[in-house]
Amino acid sequence: MKTSIATVSIAGTFREKLEAIAAAGFDGIEIFEQDFIADEGAPRDVGNLIRDHGLEISLFQPFRDFEGLPDPLRAKAFDRAERKFDLMQQLGAELLLVCSSVHPGAIGGIDRAAADFRELGERAAARGLRVGYEALAWGRHVNDHRDAWEIVRRADHANVGLILDSFHTLGRGIDPETIRRIPGDRIFFVQLADAPAIDMDLLYWSRHFRNMPGEGDLDVTGFMRAVTAAGYAGPISLEIFNDQFRGGPARAIARDGHRSLVALMDDVRRTEPALKVDLPALPPRQDIRGTRFIEFATSGAEGEALRHLLTSLGFARIGQHVAKAVTLWQQGDIRIVLNEERGDFAGSAFNVHGTSICDVGLGVPSTEDTIARATALGAELFAQPLGPGQIDIPAIRGLGGSILHFMDETHAQVWSTEFGASGPGPAGAGLTGIDHVAQTMTYDEMLSWSLFYTSLFDMAKAPMVDVVDPDGLVRSQAIATPDGTFRITLNGAETHRTLAGTFLADSFGAPVQHVAFTTDDIFATAEALAASGFPPLPMSANYYDDLASRFDIPPDMLARMQARHILYDRDSTGEFFQTYSRPFAGGLFFEVVERRDGYSGYGAPNAPFRIAAQKRLGRVKGMPAN
Ligand SMILES: O=C(O)c1ccc(O)c(O)c1
Ligand SMILES: [Mg+2]
């Protein structure tokens, strides 16, 4: 499988783009003409520079407004084409993309366009070049790949073929199955892009909102299955017009692109095993069996405050690491590791972020398979020297340089071996597990991290929701395993003035802002927390008055909720109860939730009131506020 990406898809100068594309492992590039023109290099030198990066020029594009013009416009279009052929020969580019005309003077007519392409094919053949025809979704007369194919078919020239672009087909709602009827050898090139489902003008949507396959809502897998079934075996190339990507970190975005193509073709192979896909075998998306531990890097007074808070939440310190300044805190099966060791990974995380969650341990069926899939998808492996008595647990880098460890049944002894502690912890306040981990990032990073989780793990995205903070909007996207045993919310801050944005700025990009625990009985848990001196986040009386108007909550239950600062939501299936800690150590906090009858959300309607309550307490460093 040859991979390619259009230069327009990432940020930087032409040369910066080449470096990022080569480093991400692509085989080739589509030269987007504007990027070339903006460079100062002579065409031959630019061609050599591309090849020196180990990249092929898989396509030169776009050539616009060619077909269907009356003379003298027609003659002029051919003159333009000859000039671009000159340029392509100097660059060493063999294939030209001609996109369907939007010219107001274009006349239309399948045979007229076919005749134009036959002549263009003759001229291209004379130079050893080929041309491919792409239907733009907003083309004046041709805006459907089926019509473009009919023109190519009637042009009947070996040097004229079809170019397919998933956006133009799927964005217009054209059934990709129609591609199975096209001979694969007549498809010269395939461009791929996904996009979020937003109802807007096609051209605007295409030029600003495309994203990597798997990052949006289009059925790019279905499209690529049809293309593969048709017999196409040429390069698959990303062509992503996206405002964030144009200004984002080129290397990271190129890496995401390569990851998206590997995951896509693996999905094609899995959903249609009869198809031949030229991609080394990799294990399937991994099933997450829950959160095995959460590790805090902490020290000094913040460490003391955190121990105090954990104790009030019903956790007990049940183990001390054999070799390190690391303690194990437990309640039932929930394990929290407090790492106060200097010099190792947690020490540097503390130095950068202060008290923060530096590591999350996930249960998987096989760590070996998980690492193999992560490696194939270009994840960065993490290891640090093992101390005496430590068990090797495989890990990769996650958000903000944090670590994800993977544990399978071969790691069952780690707690007894390293901490001298086995079995469940005390029942405490009745917390039974980890419902979700809320990660905070800039808005621009959200697509990248949703792709990270959904390509590696068997997890699906919920629709993006807007969380209203008094000082700005935060976008929130939940990602969860099918059974809900592992859930993450990605919160994207656009300004440092929101609670999430302030946390991100103050912590220099700490990856986790809060952890939510589950309970089977929020009222019993809230009583236990109150008895152990846990200070909840106080909610306003206005909030409870509004709840009473929106829902039929029995008055005595509502009174208990108000007394214990319990928030409430309901969806079509069930009910949701939440209560929050106050922020500690620069903005971290805990949440406790009870889900009833399959409620699947995260209490988004409550977020504005919860955030306002947190902001009223002010930013609190070190000690929990009271
Ligand atoms: O937006 C455009 O004009 C444009 C140009 C070339 C393409 O391949 C494409 O898909 C869109
Ligand atoms: Mg295209």
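In this predicted model, Glu-591 is classed as buried because 21 other C-beta atoms lie within 10 Å of its own, against the 20 or more that the class requires. The place of Glu-591 is in strand β25, which spans residues 589-596. When residues up to four places away in sequence are left aside, the contacts of Glu-591 are with His-514, Ala-516, Gln-578 and Tyr-580. The first-named of these partners, His-514, is found in strand β22, residues 512-519, and His-514 also counts as buried, since 22 C-beta neighbours fall inside 10 Å. With residues up to four places away in sequence again not counted, His-514 touches Ala-438, Leu-588, Phe-589, Phe-590 and Glu-591. Both His-514 and Glu-591 appear, together with His-436, under "binding site" in the UniProt record, which is an unreviewed entry. Although these listed residues are spread over 156 residues of sequence, they cluster in space, the largest C-alpha distance being 9.3 Å.

Elsewhere in the chain, an open sheet is formed by 8 strands in the order β10-β11-β12-β9-β13-β16-β15-β14, with mixed pairing. Its edge strands are β10 (316-320) and β14 (381-382), each of which pairs on one side only. At the β10 edge, strand β10 is joined by 4 bridges to strand β11 (residues 326-331), and the two run antiparallel; within this pairing, Ala-316 has Gln-330 in β11 as its bridge partner. Helix α13 (residues 345-353) packs on the sheet, where it touches β9 (291-297), β12 (334-339), β13 (356-363) and β16 (403-407), and the direction of α13 makes about 135 degrees with that of β13. A further helix, α14 (residues 367-376), lies across β14, β15 (395-397) and β16, and runs at about 140 degrees to β16.

With regard to helix packing, helix α3 (residues 43-52) and helix α4 (residues 73-91) pack with their axes 7 Å apart and at an angle of about 45 degrees, which makes α3 oblique to α4. The residues of this contact divide into 4 nonpolar, 2 polar and 1 charged. On the α3 side they are Pro-43, Arg-44, Val-46 and Gly-47, which meet Leu-87, Gln-90 and Leu-91 in α4.

At the start of the chain, Met-1 is placed in the segment before β1 (3-6). Met-1 has 15 other C-beta atoms within 10 Å and is therefore partly exposed, a class that lies between the limit of 12 or fewer for exposed residues and that of 20 or more for buried ones. The contacts of Met-1, not counting residues up to four places away in sequence, are with Ile-236, Met-265, Val-277, Asp-278 and Leu-279. The C-alpha atom of Met-1 is separated by 25 Å from that of Gly-171, which is 170 residues apart from Met-1 along the chain. Strand β1 is joined to β2 by 3 bridges, and these two strands run parallel; in this pairing, the bridge partner of Ala-6 in β2 is Glu-30. Strand β2 (residues 28-32) is itself mostly covered, as 4 of its 5 residues are buried.

Notes: Residues are numbered from 1 along each chain as its sequence is written. Chains are lettered from A and ligands numbered from 1 in the order in which they are written. This is a predicted model: local features need pLDDT of at least 70, side-chain atom pairs count only at pLDDT 80 or more; totals for chains, interfaces and linings use all residues. UniProt positions are given in the numbering used here, feature names are shortened, and annotations may be inferred rather than shown by experiment. Two residues are in contact if their C-beta atoms, placed from the backbone, lie within 7 Å. Axes are lines fitted to C-alpha atoms, for helices over the stretch in contact, and angles run from 0 to 180 degrees between N-to-C directions. Angles under 35 degrees count as roughly parallel, over 145 as roughly antiparallel, 65 to 115 as roughly perpendicular and the rest as oblique. Ala, Val, Leu, Ile, Met, Phe, Trp, Tyr, Cys and Pro count as nonpolar, Asp, Glu, Lys and Arg as charged, and the others, Gly among them, as polar. Two strands pair if DSSP finds at least two bridges between them.
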